[in-house]
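Please open the model in a viewer and follow the selections below in order. Each stop names what to select and then describes what is there.

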Amino acid sequence: MKAQSTSIDPKTPMKNSSHSVPPKLVSSSYSPSPSRTIYSDRFIPCRSSSNFALFDLPSSSNNASSSDDSNSAYNTLLKTALFGPECVGGANAFNQLTPEKATASGKFSHISQISPPNCNIFKYKIETRKPFPSLLPFGFDDQLPGVSPNRAKAPRKVPRSPYKVLDAPALRDDFYLNLVDWSSQNVLAVGLSNCVYLWHASSSKVVKLCDLGIDDSVCSVGWAQHGTHLAIGTSNGKLELWDASRCKRIRTMDGHRLRVGALAWSSYLLSSGSRDKSILQRDTRTQEDYVSKLNGHKSEVCGLKWSYDNRELASGGNDNRLLVWNQHSTQPVLKYCEHTAAVKAIAWSPHLHGLLASGGGTADRCIRFWNTNTNSQLACMDTGSQVCNLVWSKNVNELVSTHGYSQNQIIVWRYPTMSKLATLTGHTYRVLYLAMSPDGQTIVTGAGDETLRFWNVFPSPKSQNTESQIGSLSLGRTLIR
């Protein structure tokens with residue numbers, strides 16, 4: 001059986017050529033009336049019946065060539081503005097439409113000039129005041145295509161000389177001790193032989209806090225976070241807690257068999273590290289000398305630091321190990337054995353959670369960065385000399401390291417590139433002690449040359465030109481006792 005063919009008369013006016021009429025509705029002999037309009041499911045305007053005179057516009061038939069030229073000129077201008085003249089045919093393509101030609105032909109009369117080459121109309125700006133933090137210690141700020149960076153700022157200048165020097169007689173030249181700490185109340189505590197002295201930074205007043213006697217000596221000092229209580233570790237293995245505002249001893253705690261060279265506070269919890277290889281956790285609100293004992297090191301514990309969120313404790317020892325503990329563990333949750341010398345220098349980043357820096361002794365000389373969230377080493381930086389201390393700036397993403405054999409220098413680093421901002425010299429012995437002021441702008445360093453030196457190395461939190469709160473009375477060289 002031969003199928004019946006259907007067709008549509010080409011002379012029939014259709015408003016929508018994309019929709020055919022179903023065969024059942026139109027037969028081969030069907031011929032609609034010329035005066036009848038056929039409607040489809042969409043409305044498509046017919047420009048031939050438009051009344052352009054009503055809008056005071058020229059008809060498309062009279063201005064077809066003019067419209068093509070206008071579109072071409074506009075496309076050229078837009079491409080030049082977005083991508084530069086190099087991407088649209090070079091200088092010749094850029095010069096096809098000059099301001100004179102555009103004005104003479106009436107095109108783009110509102111544009112008085114065209115942007116010169118390499119000066120795009122649309123530009124992105126890179127925010128430089130608060131860069132996006134990165135755990136990569138050797139990241140690079142690569143320029144992205146089509147992004148115009150801000151003009152590079154001049155490097156921040158760090159004064160190369162200390163603005164104040166304190167004489168500190170009998171300041172011991174012992175790598176494993178921690179004899180200097182700066183409180184949140186702007187008071188510096190220094191252990192000199194068997195005595196502890198307090199230097200008030202705002203007034204330069206010196207107060208003798210205690211004398212342990214000829215049979216004992218100070219091995220470590222550490223301020224509680226509120227800044228009024230001071231813990232003192234002794235060579236006899238005892239730990240004394242003092243109220244500095246009243247110069248009164250509150251209690252004495254036992255537990256260690258040998259000297260206590262490292263201290264770290266976490267709210268009311270005080271951690272102490274000893275030459276007996278152990279770490280004791282002490283709750284100062286209870287009557288017990290300690291609430292838990294941490295065993296993990298095989299030699300003297302010489303470095304202790306709690307993270308800023310008080311969740312993790314990092315410890316370094318003369319066994320070349322760096323261990324990480326949590327609040328409730330009695331065994332280390334992380335172990336790092338990459339250092340080849342004693343680990344005293346430890347610093348948690350206040351900017352990135354889980355970023356930990358550590359420094360090794362004379363045989364190692366390296367600063368290593370760790371991500372404790374992923375249990376991985378991020379990078380290693382060979383400094384060329386013994387790393388004695390590390391501290392991270394609270395105001396900017398920078399850190400300071402102090403060094404011993406053989407250069408006795410202080411280095412300010414920019415993180416994560418680890419480029420040197422400044423190298424400070426002046427000490428003639430190993431720079432074994434380091435503390436930072438509560439405003440985060442000033443550091444104090446101590447050495448076996450029996451001096452404490454004060455350096456302005458970091459900007460203030462709000463303005464890099466704000467002076468430190470140490471006061472004008474502290475200028476010059478004075479004696480701490």
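**Stop 1: the second largest pocket**

Select strands S2 (180-182), S6 (218-223), S10 (260-266), S14 (301-306), S18 (343-348), S22 and S26 (431-436): each supplies at least two residues of the lining of the second largest pocket. The model is a predicted one. The space in this pocket amounts to about 1100 Å³. Its lining comprises 39 residues, and those closest to the pocket centre are Asp181, Trp182, Trp223, Lys305 and Tyr308. Colouring the lining by residue class gives 25 nonpolar, 10 polar and four charged residues.

**Stop 2: the sheet that contains S22**

Strand S22, already selected for its share in the pocket lining, also belongs to an open sheet of four strands. Display that sheet in the order S22-S23-S24-S25; the pairing is antiparallel. Which strands stand at the edges? They are S22 (387-392) and S25 (419-424); each has a single partner strand, so one side of each is left without a neighbour in the sheet. On average, neighbouring strands of this sheet are turned by 20° against each other, direction ignored.

Next, restrict the view to S24 (residues 410-414) and S25, which are joined in the antiparallel sense by five bridges. Within this pair, select Val412 and then its bridge partner in S25, Ala422.

**Stop 3: the hairpin of S20 and S21**

Move to S20 (residues 366-371) and S21 (residues 376-382), an antiparallel pair with six bridges. Here Trp370 stands opposite Gln377 of S21. Four residues lie between the two strands of this hairpin, and Asn375 takes a positive phi near 55°.

**Stop 4: an annotated segment**

Now select residues 424-457. An unreviewed UniProt entry lists this range under "repeat: WD", together with residues 211-252 and 294-335. In the model, the chain over 424-457 is 56% strand and 0% helix, and its end C-alpha atoms are 10 Å apart.

**Stop 5: an aromatic pair**

The structure holds eight aromatic pairs. One of them is formed by Tyr163 and Phe454: the ring centres are 6.3 Å apart and the planes are at 50°, so the pair is tilted. What does this pair tie together? Tyr163 lies in the loop between helix H3 (99-104) and strand S1 (164-167), whereas Phe454 lies in strand S28 (residues 451-456), so the contact ties together parts that are 291 residues apart in sequence.

How values were computed
Residues are numbered from 1 along each chain as its sequence is written. This is a predicted model: local features need pLDDT of at least 70, side-chain atom pairs count only at pLDDT 80 or more; totals for chains, interfaces and linings use all residues. Side-chain values use heavy atoms; hydrogens and water are left out. Two strands pair if DSSP finds at least two bridges between them. Axes are lines fitted to C-alpha atoms, for helices over the stretch in contact, and angles run from 0 to 180 degrees between N-to-C directions. UniProt positions are given in the numbering used here, feature names are shortened, and annotations may be inferred rather than shown by experiment. On a 1 Å grid over the protein atoms alone, a cavity is a set of points where a 1.4 Å probe fits but cannot get out, and a pocket is an open set with protein on both sides within 12 Å along at least five of seven lines; lining residues have an atom within 4 Å of a point. Grid points are joined across faces, edges and corners, and a volume is the space filled by probe spheres set on the points. Ala, Val, Leu, Ile, Met, Phe, Trp, Tyr, Cys and Pro count as nonpolar, Asp, Glu, Lys and Arg as charged, and the others, Gly among them, as polar. Rings of Phe, Tyr and Trp (its six-membered ring) pair if their centres lie within 6.5 Å; planes under 30 degrees apart count as stacked, over 60 as edge-to-face and the rest as tilted.
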